[in-house]
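Me: I would like a close look at a single part of this protein, taken step by step. Please pick one helix and its surroundings and describe them.

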Amino acid sequence: ATIGTERITRGTGGETHQGAGGDVPILTTQQGAPVADDQNSLKAGARGPVLLEDFHFREKIFHFDHERIPERVVHARGYGAHGFFELTDSLSDVTRADVLQRPGERVPAFVRFSTVAGSKGSFDLARDVRGFAVKLYTKEGNWDIVGNNIPVFFIQDAIKFPDVIHSVKPEPDRDFPQAQSAHDNFWDFISLSPESVNMALWVMSDRALPRSFRFMEGFGVHTFRLVNAAGRSTFVKFHWKPKMGLQSVVWNEAVKINGADPDFHRRDLWDAIGAGSFPEWELGVQLFDDDFADSFDFDVLDPTKLIPEELVPVRRVGRLVLDRVVDNFFAETEQVAFCTQNIVPGVDFTNDPLLQGRNFSYLDTQVKRLGGPNFTHIPINAPKCPFHHFQQDGHMAMHNPKGRANYEPNSWGGAQGGPREDAARGFTSFPAHEDGVKTRVRSELFADHYSQARQFYLSQTATEQVHIQQAFTFELSKVETLAIRQRMVGHLVHVDLELATAVAEGLGLDGLPEAPAPARPVLDGLPPSPALSILKN
Ligand code: HEM
């Protein structure tokens, strides 16, 4: 029998054998040996024991046994696509980064969107932050902007990251899969960490239920530096602005969609790109100097705060277009490794303590997740520019140094000597002056935890405010411990009295709980937040 041009025969047990020939390649082992029969193991007699010498059978089962790798410790569920970044406005005044010099020039890009808390098999429309991780394959190496769809973060210091993540993941005794934040541990942690209140407001807002990845903003969150050819540093916050604007679903829709189609977001991205409707974002930068940083009510190193776009407008300088789905989910989306440390000459870090912890964490976790130090040899992670170094060996080494030299300085000139450093073109750190006593004390400027939460709440439309009230009420109604509910509503008193009252009533609390004394006075009269300015646009 044939299907198309394929030759089909039946084995002695009626099993299907699809034969090679014509355009159909022959099945081989990993070693390339052609396979005659992929349906039956080698036995001593038709009813006899399976023979150890069946190398095809053993290789096939061995490889299957090793298919799983650890899922990401956070952001385990994600979906990626290829595309390009095109510069539209030169930033040569503020950075020497090659990718930001010449308008019209494109570099390849890979983007992975994700939820944070759920496992790899969780559903897409959890109430959660979304990861928005971008890898730009520039001529000066890979530059990763590993951001989220919310511009602020839960904590100010990376030392708290294991705590906030443990609290949001399944509780260790019962391990109920929690793709959303509705349980005691999470709200216990948040209510004991006033620095988290601002982000909690964002997570209870419609931002945490995006209609699709295509309708989300992205934020680099931290303050980074750009450094120009003259060595001058400018502070920068990175933004991705969706060309199609922002859209969310409401909670009732999210619950139904998760039941009917847990793959809602990945399907949307796959279908859109397949239909030629390529999602697009503008790269925006907020640029500011030391004088602005010094005059700002908050510390620009505090990742729980944003810089209002009314104070520092977003300059749009490029476009990111996703126009190609992956060939293989595992090879590309699962094995891609983003890292805040992957920067290029002309970009630099600041002393944001969350950023500095991240710089350690990603490489460390990826060595484990991807099986050793050579995960940069995987095509999705390899630079697309020439690269030469003396690192060698380790598991799966595929780019060992060629020839004799694997160290420098060395006496072997020309190609024999291998690559050499270049002080002019190479990465140099901005020579920030650092001087201080060793301490674990946090800056006083990090201590106002409520003003920006209030600003965000007040920037929302009346409908959006009701959604926030409903989300807090629903989530806290799942918390069994009364004291945690009360403590959380106590924080909301500082954010907005109407909000606190609505949630207290929704929870049936006996009046408004006492609010904790704020470490710094809560500010009124701040400019409206980015959410409002986007709606105005
Ligand atoms: C993964 C964003 C804070 C540790 C991710 C991913 C994103 C992200 C988007 C998914 C990357 C991917 O798609 O593969 C952020 C943002 C943060 C933040 C925006 C705060 C502003 C932190 C902190 C730590 C951390 C403070 C640790 C100190 C990790 C780890 C992974 C991860 C270990 C898994 C990486 C992997 O297995 O490849 N983060 N994160 N993150 N993040 Fe963060």
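Reply: What follows is about one helix, the helices around it and the core. The model is a predicted one.

The helix is α13, residues 482-495. It has 14 residues, which at 1.5 Å a residue should span 20 Å. The C-alpha atoms at its ends are 20 Å apart, so the expected and computed spans agree.

Several residues of α13 are buried: Ile484, Arg485, Met488, Val489, His491, Leu492, His494 and Val495. These buried residues pack against five elements, namely α3 (184-191), α4, α11 (451-459), α12 (462-477) and α14 (497-507).

Two of these partners, α12 and α14, also pack against each other, at an angle of about 40° and with their axes 9 Å apart. Angles from 35 to 65 degrees fall between roughly parallel and roughly perpendicular, and α12 and α14 are therefore oblique to each other. The crossing in which α12 passes α14 is right-handed. On the α12 side the contact is made by Ile468, Gln469, Phe472, Thr473, Leu476 and Ser477. On the α14 side, Leu499, Ala502, Val503, Gly506 and Leu507 take part.

Val503 leads on to the core. The largest nonpolar core has 101 residues, and Leu201 and Val503 have the most contacts inside it. Helix α4, residues 197-203, gives the most to this core, with six residues. Leu201 touches Val495 as well as Ala453, Phe456, Tyr457 and Ile468, leaving aside residues up to four places away in sequence. Val495 is one of the buried residues of α13, and Ile468 is one of the α12 residues in contact with α14.

Terms used:
Residues are numbered from 1 along each chain as its sequence is written. This is a predicted model: local features need pLDDT of at least 70, side-chain atom pairs count only at pLDDT 80 or more; totals for chains, interfaces and linings use all residues. A nonpolar core is a set of buried Ala, Val, Leu, Ile, Met, Phe, Trp, Tyr and Cys residues joined through C-beta atoms within 7 Å. A residue is buried if 20 or more other C-beta atoms lie within 10 Å of its own, exposed if 12 or fewer, and partly exposed in between; C-beta atoms are placed from the backbone. Helices (H or I, at least four residues) and strands (E, at least two) are DSSP runs, numbered from the N terminus. Two residues are in contact if their C-beta atoms, placed from the backbone, lie within 7 Å. The expected span of a helix is 1.5 Å times one less than its number of residues. Axes are lines fitted to C-alpha atoms, for helices over the stretch in contact, and angles run from 0 to 180 degrees between N-to-C directions. Angles under 35 degrees count as roughly parallel, over 145 as roughly antiparallel, 65 to 115 as roughly perpendicular and the rest as oblique. A crossing is left-handed if the near helix is turned anticlockwise from the far one by less than a right angle, and right-handed if clockwise.
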